[in-house]
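Open the model in your viewer and keep a selection tool at hand. The stops below follow one another, each with something to select and a note on what is found there.

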Amino acid sequence: MASTYRERLLPAWWAWLLALLLGVMLGVAYGAALGGTAGWIAGVSVVVVLLLIIWATSPSIEVDQSAVRAAGAALPATSIAAVETVTS
């Protein structure tokens, strides 16, 4: 069995912070209009949904003996030349 390397490419820290701030803003707005409980429910719901969307839509890469795969595309190993290590 060939070893496989997988990695999910998550967005920068500010994207997570933006999702959190959007949820807080909506929670405060709904809380002011409909009451504290509605605000908490709306804010937490929006944050959870946005974080799940960010996680689910972030691309992943996979490297194994046969190919390199990224976001549904595949580059066969036969198309890759020899590997050269570069040091600084």
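**Stop 1: arginine 69 and its partners**

Select arginine 69: its relative accessibility is 30%, so it counts as partly exposed. Bear in mind from here on that this is a predicted model.

Show the side chain of arginine 69 together with that of aspartate 64. The two form a salt bridge, with 3.1 Å between the closest N and O atoms. Now add glutamate 62. Arginine 69 forms a salt bridge with this residue as well, here with the closest N and O atoms 3.9 Å apart. Through shared partners, the salt bridges join Arg6, Glu62, Asp64 and Arg69 into one network.

To complete the picture, select arginine 6. Its side chain meets that of glutamate 62 in a salt bridge, at 3.5 Å from N to O. This pair links distant parts of the chain: arginine 6 lies in strand 1 (residues 5-8) and glutamate 62 in strand 2 (residues 60-63), 56 residues apart. Arginine 6 has 63% relative accessibility and therefore counts as exposed. How many salt bridges does a search of the whole structure find? The search finds three.

**Stop 2: the strands around arginine 69**

Switch to a cartoon view and select strand 2 and strand 3 (residues 67-70). They pair in the antiparallel sense, over three bridges. Pick valine 63 to see one partner: its bridge partner in strand 3 is valine 68. Between the two strands, follow the hairpin, which joins strand 2 to strand 3 through three residues.

Next, extend the selection to strand 4 (residues 73-76). Strand 3 and strand 4 run antiparallel and are joined by four bridges. Arginine 69, already seen in the salt bridges, has alanine 74 as its bridge partner in strand 4. The hairpin of strand 3 and strand 4 has two residues between the strands. Select alanine 71 in this hairpin and check the backbone torsion: phi is positive, near 55°.

**Stop 3: helix 2**

Select residues 36-57, which make up helix 2. This helix has 22 residues and reaches 32 Å from its first C-alpha to its last, close to the 32 Å expected at 1.5 Å a residue.

Which residues of helix 2 are buried? They are Gly39, Ala42, Gly43, Val47 and Ile54. These residues cover an arc of only 125° around the axis, so they sit on the same side of helix 2. Add helix 1 (13-34) to the view, since the buried residues of helix 2 pack against helix 1. Then rotate to the other side of helix 2, where Thr37, Trp40, Ile41, Leu52 and Ala56 are exposed.

**Stop 4: serine 58**

Finally, move to the loop between helix 2 and strand 2 and select serine 58. Is this residue buried or exposed? Serine 58 has 7% relative accessibility, so it counts as buried.

Display the side chain of serine 58 and the backbone of tryptophan 55: the side chain reaches the backbone oxygen of tryptophan 55 at 2.9 Å. For the surroundings, leave out residues up to four places away in sequence; serine 58 then touches Arg8, Leu9, Leu10 and Pro11.

How values were computed: Residues numbered from 1 in each chain as written. Predicted model: local features only at pLDDT ≥ 70, side-chain atom pairs only at ≥ 80, totals over all residues. Heavy atoms only, no water. Expected span 1.5 Å × (residues − 1). Buried < 20%, exposed > 50% of the residue type's maximum accessible area, 1.4 Å probe, protein only. Arc of directions from axis to C-beta. Contact = heavy atoms within 4.5 Å. Salt bridge = Lys/Arg side-chain N within 4 Å of Asp/Glu carboxyl O. Polar contact = N/O pair within 3.5 Å; in protein donor to acceptor, adjacent residues only side chain to side chain. Pairing = 2+ DSSP bridges.
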